[in-house]
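Here are a few friendly notes on the charged side chains, for you to read with the model open beside you.

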Amino acid sequence: MFYENERFALFIDGPNFYSTARALNLDVDYKRLLEFFQSKGRMVRANYFTPLADTEDHVSIRPLVDWMQYNGWNVVTKPAKVYEDEYGRKRTKGSTDMEMAVEVMRLAPAIEHAVIVSGNRDFAPVVKFLQERGVRVTLISSIRTQPAMISDDLRRQVDVFVDLDTLRDDIGREAEANAAA
C-alpha cells in the first residue's frame, strides 16, 4: 500500500470514520492511528475533518478534537446547525466534505499518495482529480458492515481499497485499555 519514502497525506472524514468504526465495534486509539500512518512513509499531514455543534452528541467529541490538535493532527472543524424536524426531534446538520476536498486539492502538488478515510461517494471527483495528477489514492472504509459503509463506485475508482476492519490490531485500543475504561 505504501512505497518507501513517498510523500503522503491522510484525510479523515470524521463522521464517516466514526460511523464505520462504530458499525465494526472498533474503538479507535487516535494516538496509535497517527503512529501507524507515520511509520508508513513521509507523512506530510494528518487531517481530520468534523462538524461541531453545541449538542450532547457533539460536546463529547470536543475533548478528542482538542487532544488531536495538540498531538500532531490538523483538525478542521465547522459549526453544525441544530434544528427541529417536522416531528419535533432535534437534528444536526453539518458537513466538512467541501473543506476536505479543498484541502486534498491544496496538498495534491506536495504528495504522491493520498489516504482517504471515507466511503462517501461525493469524494469520487476528488479521487479523479488526484489520479489525473499522478497521485495514488488509497481509500479506507468497510464492506464488512451491513450495509457496506462505502459506495461501490468509489471503491472501484481508487487505486487501493483497505477495509478498516483489517487495521483493528494496529489502530484499536488495546485490550487492557478497554478493560480499564
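**Notes on the salt bridges**

1. Glu-103 is buried, its relative accessible area being 10%, which falls under the 20% cut-off. Please keep in mind as you look around that this is a predicted model.

2. Glu-103 has a charged partner: its side chain forms a salt bridge with that of Arg-45, at 3.4 Å from N to O. Arg-45 belongs to strand 2 (residues 42-52) and Glu-103 to helix 5 (residues 97-107), so this pair ties together parts of the chain that are 58 residues apart in sequence. Unlike buried Glu-103, Arg-45 is partly exposed, with 29% relative accessibility.

3. Do have a look at Arg-136 and Glu-6 as well, whose side chains meet in a salt bridge of 3.0 Å, N to O. Here the link is between distant parts of the chain, 130 residues apart: Arg-136 sits in strand 7 (residues 136-141), while Glu-6 is in the segment before strand 1 (7-13). Both of these residues are buried.

4. Within helix 4 (residues 62-70), Asp-66 and Arg-62 form a salt bridge, and their closest N and O atoms are 3.4 Å apart. The two residues are separated by about one helical turn, because they lie 4 residues apart in that helix. Asp-66 is partly exposed at 31% relative accessibility, and Arg-62 is also partly exposed, at 37%.

5. There is a network to find too: Asp-27, Asp-29 and Arg-173 are joined into one by salt bridges that share partners.

6. For the overall tally, a search of the whole structure gives 15 salt bridges, the Arg-136 and Glu-6 pair being one of the salt bridges described here.

Key: Residues are numbered from 1 along each chain as its sequence is written. This is a predicted model: local features need pLDDT of at least 70, side-chain atom pairs count only at pLDDT 80 or more; totals for chains, interfaces and linings use all residues. Side-chain values use heavy atoms; hydrogens and water are left out. A salt bridge is a side-chain nitrogen of Lys or Arg within 4 Å of a carboxyl oxygen of Asp or Glu. Buried means under 20% relative accessible area, exposed over 50%, partly exposed in between (1.4 Å probe, protein chains only).
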